[in-house]
Each structure stands twice: as structure tokens, then as C-alpha cells.
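This report looks at how charged, polar and nonpolar side chains are arranged in one protein chain. The structure is shown first, and the description follows.

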Amino acid sequence: MEVFYYLVFGGLAAVVAGLELGKGAKDRVTTSQAFNSFKNNYVLVYSLMMSGDWLQGPYVYYLYSQYGFDKGDIGRLFIAGFGSSMLFGTIVGSLADKQGRKRACITYCISYILSCITKHSPEYKILMIGRVLGGIATSLLFSAFESWLVAEHNKRAFDPQWLSITFSKAIFLGNGLVAIVSGLFANLLADNLGFGPVAPFDAAACFLAIGMAIIMSSWSENYGDPSESKDLMSQFKVAAKAIASDEKIALLGAIQSLFEGSMYTFVFLWTPALSPNEEDIPHGFIFATFMLSSMLGSSIAARLLARKLKVEGYMQIVFTISAFTLFLPVVTNFLVPLTSVKGGSISFGGTLQLLGFCTFEACVGIFWPSIMKMRSQYIPEEARSTIMNFFRIPLNLFVCVVLYNVNAFPITVMFGMCSIFLFMAAVLQRRLMVISDLHKSSTKAQEMIDEDEPLNP
């Protein structure tokens, strides 16, 4: 493997280590022992849940191909996963708010374990059922756990600012370190030890079972709105009304969909972008490098949030940088001539794109704890899971359309589209900051008026 890959990985590792070890007083927040125990419990569970997800990633496509399915069949399986997340996500989100977030988290574990079990079957219908279960589980992973955390944090009367500490640590470990270790462990099981491509799914089921046991033994239940009078449709109406009546929530949903839609599209595009002429690139090592970049981003986010910088302000910069990084393939396509020789090592244009993609992944690392922080501020508690899954409807629809038409457009067009979406997210983030500042100013003015009224009868 070329020295270039080691230099990039080593450089990123050194920066991440430097940031983590070099935290000063401004970067550390004094918390209570009770909060630290609560945070560590959640981070452990979240890391186990994410390991169950990351272990499957590297071998899903490969397993389907080993069962003899072609690209079209595999594409339909992936579409089924995103489609089920889109169709059933709002339903399971509403049930989480009404029936309990802890129950929803346990349902995630059971659904994903069953999805893993279906991978033992080469039958297409069984695998399709597994994808549907996986889509439902994904909706719960990205809504129920965060909803439980925010509600439980507030119920225990912890400082609201401490939420960002839990978010940053969970993303740093769950979306960074755990992703890297999971990829290496999956490779060890499937290839080095010779257990085959189903082994990582069995390991994922084991980690999910361990996490479920911790949830059942140590988590308390909390709800959005547990009132008996509200059925599922009423929950939908509450969520839809909140989005329609509060521009801040609608903007937050649009920002999330634009960024995550671009992010998931990038997942499908980075391999052909770096190897347009079938260059020999180390996919696993590059994936680990991307995850290390994400760890760098979450480490930066932890510092920004600890210093109480305005999230709505710095995220405009993050989205703008993201837009430029995903526009890089378009630029290199015009400025750097492609070679007609098949195979070989990564090209000069590919190295430039790889550096840009690492920057994008760092932006992803900043995005997750920051969007979680904004959701905790703007989304009402009574329908938190429902609204969060409403946000995922346009995201999943967009990804399904991209998957269905992935061969219909040149890769530069797809990257250009993602770049435009990210720039739109930056513009909407600016709008959100303006509205938020106006709301805070009007609220403060009203409080001053209320304080003056007793003095002026």
C-alpha cells in the first residue's frame, strides 16, 4: 500500500490525539458524579448499538453478491431498506413517544437482531424482509435513543449545557473509534479467521443483545405524551402542526435532510470517484481514514460546544466547507486529465479528492453533535421522536431516488447536486440563526416588560 495513505492516516491520528490530550480549562466543563455515571452508561449503550450497525456495513453488498444476486437485485434490496425507513419511520417514532422511548430502543435491538439472522438465508424474499426490518431499526436508532437521552437528562435536572458533552462523546466513540474497530473486527472474522461474510452479522447480533440487556437493567422509561386520549393520528397532527407553525423546526428539518441526503449519496459515490479507471485502492483503509476524520470533527465540535459558541453560527461555515469539498470532484474532472490506462495506483486527481473527502468527513463529525444540540433546543418534547422521523422522510426519499438512478447521471453531476444542497443548507442555517436571535430578543423584551408591570400599576 502506498505511503500516501499511511501519511494521511498518521497525520489525522496525530491531530486527533493532540486535540484530545491538549484540552485546556476552556475545553473542559465541570460536571457532577451523577451526570458522569449517566453519560458513561449512555455512551456505552450507544457505542454497542453503533457497533451492531458498523459491523454489518462492509459486508452487506458482498454477502448479497456471494448469494448470486446481480447489481439490480442488490439495488432493490437497498431501496427496500431506505423505503421501509421512510414508510414506517414516522409510525415507530410516534409509538416511541406514546409507548415509551426505552421500549423503542429495545425494539431497535430486536428488529436489528432479526435482520441479522435473515442474512443466513440465500432466499431473496427472506433477505428483503431483513432489509425492511433493518430500515425500521435505522429509524429507531436515529430517533428513539436521542429522544430518551434528552428527556432523561432533563428529568434528572442536569445542566442543559451538559447535553452537548454526551452528544460529542457518543459521536466521537460511536461514530468514530467504534466504526474503525468494527471494520477491522469484521475483516478479522470474515477473512482472516475464515468464518465467511455472515460472521460479522452474527457478531453484530451479539453486541446488540449485550446492549439490550444493559438497557433493560439500567434505563428508566420516559415518554413524549403518554396520555390515553392521543392515538397515532393525533401524534402525527401534533408533529405536523409543530413543524408548520414554527419556522425554526421546519428549517432544522430541511437542513438535516439536505446534509444527510448529501452524506448518504457520498457513501455510494466515493469509491467510483477515487477509482474511475478501476485503480487499486485500499477500500477498508480509506474507510478507516474517513472514520478517523469524523473523530477529528467530533473532537473539534466538543471544543466549540464547551466554549458555548453559537451552533447556528459556526454550522454555516461547516456547511459551506462541505459544499466546496464535494464540488472538488467536478473541479478535478475538468482540471486534471484522466488517464486511459486501467488499474494502477490512485491518480493525482484521486489524491486531491481523497483529501477533500477527509475534510468532508470531518464536517460530518462536527455536524452530528451540533444537529443533536439544535434538535434538543428546538423540537418540543411531546412529539420529539415523531418529528425527528418526519425529518427523515425527504432524506430517505432522496436516497431511494439516487439509488434508483445511480447509473443515469455522470458522477460529476451527482457531486455537483450534493454541493448545491450543502450550500442551500448553509443559507437555511443563516436564516435559522436570524430567526432564533429575533425570538430570543423578543422573549427577553417581553420578560423585561413583565418585570416592569408590578412597578407601574
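In this predicted model, Asn 222 is placed in the loop that runs between helix H9 (199-218) and helix H10 (232-245). Although Asn 222 belongs to a loop, Asn 222 counts as buried, because its relative accessibility is 6% and buried means under 20% relative accessible area. Its side chain makes a polar contact of 3.2 Å with the side chain of Glu 152. When neighbours within four places in sequence are left aside, the residues in contact with Asn 222 are Gly 100, Arg 101, Ser 147, Trp 148, Ala 151, Glu 152 and Lys 155.

Two of these contact residues, Glu 152 and Lys 155, return in the description of the charged pairs below. The structure holds nine salt bridges, and three of them are set out here with the distance between the N and O atoms.

| Acidic residue | Basic residue | N to O distance |
|---|---|---|
| Asp 246 | Lys 248 | 3.2 Å |
| Glu 247 | Arg 431 | 3.0 Å |
| Glu 260 | Arg 392 | 3.4 Å |

Asp 246 and Lys 248, which form a salt bridge, are both buried. The salt bridge between Glu 247 and Arg 431 links distant parts of the chain, since Glu 247 is in helix H11 (residues 247-274) and Arg 431 is in helix H16 (residues 411-452), 184 residues apart. Glu 247 is partly exposed, with a relative accessible area of 37%, and Arg 431 also counts as partly exposed, at 40% relative accessibility.

The side chains of Glu 260 and Arg 392 meet in a salt bridge as well; Glu 260 lies in helix H11 and Arg 392 in helix H15 (residues 384-404), so this pair ties together parts that are 132 residues apart in sequence. Glu 260 counts as buried at 1% relative accessibility, and Arg 392 counts as buried at 3%. Elsewhere, Glu 152, Lys 155 and Arg 156 are joined into one network by salt bridges that share partners.

Turning to the nonpolar side chains, the largest nonpolar core has 138 residues, and those with the most contacts inside it are Met 49, Tyr 108, Phe 145, Phe 290, Met 315, Phe 357 and Ile 387. Beyond its neighbours within four places in sequence, Met 315 is in contact with Ile 366, Phe 367, Ser 370, Met 374 and Gln 429.

On the surface, Leu 87, Phe 88, Ile 91 and Leu 95 make a nonpolar patch of about 330 Å². Leu 95 has its place in helix H4 (residues 71-99) and counts as partly exposed, at 38% relative accessibility.

Terms used: Residues numbered from 1 in each chain as written. Predicted model: local features only at pLDDT ≥ 70, side-chain atom pairs only at ≥ 80, totals over all residues. Heavy atoms only, no water. Patch = residues over 30% accessible without salt bridge, like charges linked within 9 Å, V, L, I, M, F, W, Y side chains within 5 Å. Areas by Shrake-Rupley, 256 points an atom, 1.4 Å probe, with all protein chains shown as cover. Salt bridge = Lys/Arg side-chain N within 4 Å of Asp/Glu carboxyl O. Helix = DSSP H or I, 4+ residues; strand = E, 2+ residues; numbered from the N terminus. Buried < 20%, exposed > 50% of the residue type's maximum accessible area, 1.4 Å probe, protein only. Polar contact = N/O pair within 3.5 Å; in protein donor to acceptor, adjacent residues only side chain to side chain. Contact = heavy atoms within 4.5 Å. Core = buried A, V, L, I, M, F, W, Y, C linked by side-chain atoms within 4.5 Å.
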